[in-house]
Amino acid sequence: MFDKFKKFYTKHIVEDLEVKDGEEKKQGFRVWKLSSIILAFFLIWGLSGMIVYFLFCNWSDRGTFGDMFGAVNALFSALAFAGLVYTLFVQRYELSLQRKELELQRKEVKRNGDQLEEQKNVMLQQSFENTFFKMIELHHNLINSLTVSLGSYSYNGREGLFYLREWMNSILHGSQFETELETNISEFMNNGNGRNIKQYLNNFYSLLMIIHKHCTKTKEVIKDSDYTMIALSQLSDDERYIIFYALGYREETRSLLESFISLDELNPSAKHHANWMRRMKT
């Protein structure tokens, strides 16, 4: 009999749950089932009706007894309304927490985006500097491999630059008119020695180009840039003289060159040539 009652009690009234604590210890935990709670309410409702029916034989007495619970009904209605208002405030509070959490998530995403952008900028800076210093190295290698032929003599490296400058000076420095200067420079750049230095000039021009792009991207003043100072410090007096005529007579190369240094600074002894070249459209 006891076993049958226990079986009914477990099946319809409560449910045993196992709560694991670690791996070995187990403790029983009982939870009231929803069906048992509903059954209890119906039992209480039915018993209360039977009690009122048998306790008060007169219907007027029963009505009077029922009216006594009007205030209780109003109280429970007020409590239900208060519960509804409280629920609304709880939901509002939870929504505010969700908004704060979303705001924190947005800030975290923005912070991660800023970190990625910073890492990207660092990588771009490193890439630029690697390219920049490799081109500086190539600049000196091109000078060392340079060969200048004058008559039956050949000169290499910086010695070749010296004699190339002397030859350019004899041809170009004595130009008395704009058209004469333009013709002389053009003829020089298209002869044997002029073609020999084109790779050197192209490398230096490309070096100025990457500095110009970098400064434009970083909004740095080109003439005040450390990279400009490093690039120009590599030039000897002979190189400055050669670059003055070789890059200064063409409009495109002259425009880029003068964003770094004025033509007058490259060859102070021929300022009138600088003014003439600024008007050249070749």
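**Figure 1. Aromatic pairs in the predicted model.** Let's start with the rings: this predicted model holds 9 aromatic pairs. One of them joins F132 and Y227 edge-to-face, with 5.3 Å from centre to centre and 75° between the planes. This pair ties together distant parts of the chain, since F132 sits in helix α4 (residues 70-144) and Y227 in helix α9, 95 residues apart. Both F132 and Y227 are buried. If you widen the view, you will find F128, F132, F133 and Y227 together in one aromatic cluster.

**Figure 2. The ring pair of W167 and F188.** Here is another edge-to-face pair, W167 with F188, whose centres are 5.5 Å apart and whose planes meet at 65°. It too links distant parts of the chain: W167 belongs to helix α5 (residues 157-172), F188 to helix α6 (residues 178-189), and 21 residues separate them. Is W167 buried or exposed, or in between? W167 has a relative accessible area of 26%, so it counts as partly exposed. F188 counts as buried because its relative accessibility is 2%, under the 20% limit.

**Figure 3. The largest nonpolar core and helix α8.** Now for the interior of the protein. The largest nonpolar core contains 49 residues, and I243, Y245 and M277 have the most contacts inside it. Helix α8 (residues 198-218) gives the largest share of this core, 8 residues. As background, nonpolar side chains tend to be buried together in soluble globular proteins. Helix α8 has 21 residues and spans 30 Å between its first and last C-alpha atoms, close to the 30 Å expected at 1.5 Å a residue. Its buried residues include Y200, L201, F204 and Y205, as well as N203 and H214. Just after α8 comes K219, with a positive phi near 60°. Setting aside residues up to four places away in sequence, I243 touches Y200, L201, F204, L235, G248, L257 and L266.

**Figure 4. E239, a buried residue of helix α10.** E239 is part of helix α10 (residues 237-248). Its relative accessibility is 0%, so E239 is counted as buried. The side chain of E239 reaches the backbone nitrogen of S236 at 3.0 Å. Look around E239 and, beyond residues up to four places away in sequence, you will see it touching H139, I143, R158, L161, Y200 and Q234.

**Figure 5. T253 in helix α11.** T253 lies in helix α11 (residues 251-258). With a relative accessible area of 6%, T253 is buried. A polar atom of the T253 side chain is 3.2 Å from the backbone oxygen of R250. Apart from neighbours within four places in sequence, T253 is in contact with Y205 and L247. A useful distance to check here is the 9.9 Å between the C-alpha atoms of T253 and M209, which are 44 residues apart along the chain.

**Figure 6. Where the prediction is confident, and where it is not.** Across the protein the mean pLDDT is 79, and 72% of the residues score at least 70. Among the elements, helix α9 (residues 226-233) has the highest mean pLDDT, 94, and strand β2 (residues 25-32) the lowest, 47. Over residues 17-31 the pLDDT is below 50, although this stretch has 20 contacts in the model beyond near neighbours in sequence. Please view those contacts with care, because predicted coordinates should not be read in detail where pLDDT is low.

Methods:
Residues numbered from 1 in each chain as written. Predicted model: local features only at pLDDT ≥ 70, side-chain atom pairs only at ≥ 80, totals over all residues. Heavy atoms only, no water. Helix = DSSP H or I, 4+ residues; strand = E, 2+ residues; numbered from the N terminus. Buried < 20%, exposed > 50% of the residue type's maximum accessible area, 1.4 Å probe, protein only. Contact = heavy atoms within 4.5 Å. Polar contact = N/O pair within 3.5 Å; in protein donor to acceptor, adjacent residues only side chain to side chain. pLDDT = per-residue confidence, 0-100. Phe/Tyr/Trp six-rings, centres within 6.5 Å; stacked < 30°, edge-to-face > 60°. Core = buried A, V, L, I, M, F, W, Y, C linked by side-chain atoms within 4.5 Å. Expected span 1.5 Å × (residues − 1).
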